[in-house]
Structures are given as structure tokens and as C-alpha cells.
Amino acid sequence: MWYRVNWHNDCQGVPVALSVNRMVMAGRVFLNGELIWQDEALGEKLSRNWNLPRYWLLPNSLLAEQNTLLFHLWSTTHPGPGLGTVTLGPVDQVMPEHRKQLWEQRELFAINLSVSLVIAGLFLVFWLLRRSEYAFGWFALTCLFWSIGISNMLVTSAWPFDNGETWDRLSLVAFILYCCSFCMFAWAFGGMNFPRLARFIWGISAAVC
């Protein structure tokens, strides 16, 4: 897909910044016909920019009064292909918006992932020390599945798989199993036991996965 943004530079001589909150999946950026950036992988193992904000300081030597930005994007099957929000303007206006995007799309998920993995490891140790406390084991498994699911928000390449679609599928499977594990944890924590319902939930989930 190609996207074109025509814009007028009212402040010539002033540094101009460009921010894009997402590009699905990989791409190249041109300013007035000159390539200013491209992803590392534009082939089968596409880079994954679907949740990665990008920021550039546009070269003054390429700027004119009338300018054209071209975005050339590559994507396989994905629920939300295309170009995200484009922000263009002075550095002191664009940079705060870019930092906000980084916080919301990257740093919050990184913190969430780190905390979830620590809790998963902690409760796994608790369960290994007290095997009769099934709630500890189920909670550790719940946190582990959640961590696998949100990892898809942070990975920027297909590695270790052959394509990025595998990451999407793995994330969906992890969230399905997360829901099942959370049910098991809630029941174990409340001292409840529903063997038939548990078999039904795991069976349906396995079929969906």
C-alpha cells in the first residue's frame, strides 16, 4: 500500500519532526522522492511496526515550501493493516506526542510483562513448596499465559517464527488459555470444584485453539 501526504512548510529554516504511531507491518518513508528510512525486513519475515511508534527529524536539505511524504507499507493478513496517526510539525510539539505514544504503546506493556513474569515465577515457587495449594499453581499459569499474550504487543520481528502471523496466532491461543486458567484459579481460590464444567471449558478451548 502507498500513502501520500502533501503538506506546506510555513516555517522554513525551522527543524521539522515527523511521528507515526504505527505502520502495519513494515515500510519505507520518502520525503520529496528521497528515501529517508526503511525497515530492516521487507520480505517474508516482515518487521512488525503495528504497535511501534516511529520518530524522525526531517533533513533540512530535502525540505521545500511544498513537500510530499510517501509511505510504502507491506503487510500480510492482519486485522488492522495500514498507516496510523501521522504527526508533523515543530520538534517541541511532535516530541511530547511521540513520548506519549511510546509510554502508552511500549513502556506500559513492558512494565506489565515484567511484573507478570515475576509474579508467575513467585507463585510457581509457592506452589512447588506447597503442592496442595492448587490456586498458587493456577495463578502462576494464568500470569504466564498473560505474559505470552501481551508479548505480541512488543515484538518487532517474526523471530523465532517464519512469519509474523504465527505471533498473532500464538497471542490469541495464549489469551484463550489465560481465560481458562483464570477460571481454574478462581475456583481453586474459592474452594470450589466443577469437574464437568472444567472439562467442557478446556475441551471447547482446545478446539478453538
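Which residues does T156 touch, not counting residues up to four places away in sequence? In this predicted model, the residues in contact with T156 are S47, R48, L52 and R106. T156 itself has its place in the loop between helix 2, which covers residues 134-151, and helix 3, and with a relative accessible area of 35% it is partly exposed. A further landmark for placing this loop residue is I204, which lies 48 residues away from T156 along the chain, with 31 Å separating the two C-alpha atoms.

From the loop we can turn to the sheet. Strands of a sheet pair through backbone hydrogen bonds, and this pairing may be parallel or antiparallel. Here an open sheet of three strands shows antiparallel pairing, in the order 6-2-9. Strand 6 (54-57) and strand 9 (86-90) are the edge strands, since each of them pairs on one side only. On average, and with direction ignored, neighbouring strands of this sheet are turned by 15° against each other. Between strand 2, made of residues 16-20, and strand 9 there are five bridges, and the two strands run antiparallel; within this part of the sheet, V16 stands opposite P90 in strand 9. Helix 1, which spans residues 91-129, packs on the sheet, where it touches strand 2, strand 6 and strand 9, and its direction makes about 145° with that of strand 9.

The aromatic residues offer another way through the model. How many aromatic pairs are there? The count comes to 15 aromatic pairs. One of them joins F185 and F189, whose ring centres are 5.8 Å apart and whose planes stand at 35°, so this pair is tilted, given that planes under 30 degrees apart would count as stacked and those over 60 as edge-to-face. Both residues lie in helix 3 (residues 164-189), where they are four residues apart, about one turn of the helix.

Is each of these two residues buried or exposed? F185 counts as buried because its relative accessibility is 16%, and the cut-off for buried is under 20%. F189, by contrast, is exposed, with a relative accessible area of 65%. F185 and F189 also belong to one aromatic cluster, which they form together with F123, F126, F136, F139, W146, F175, Y178 and F182. A ring of another kind of interest is that of W127, since R131 lies over its face, at 4.9 Å from the ring centre.

Terms used:
Residues numbered from 1 in each chain as written. Predicted model: local features only at pLDDT ≥ 70, side-chain atom pairs only at ≥ 80, totals over all residues. Heavy atoms only, no water. Phe/Tyr/Trp six-rings, centres within 6.5 Å; stacked < 30°, edge-to-face > 60°. Buried < 20%, exposed > 50% of the residue type's maximum accessible area, 1.4 Å probe, protein only. Lys NZ or Arg CZ within 6 Å of the ring centre and 35° of its normal. Pairing = 2+ DSSP bridges. Axes fitted to C-alpha atoms, helices over the stretch in contact; angles between N-to-C directions. Contact = heavy atoms within 4.5 Å.
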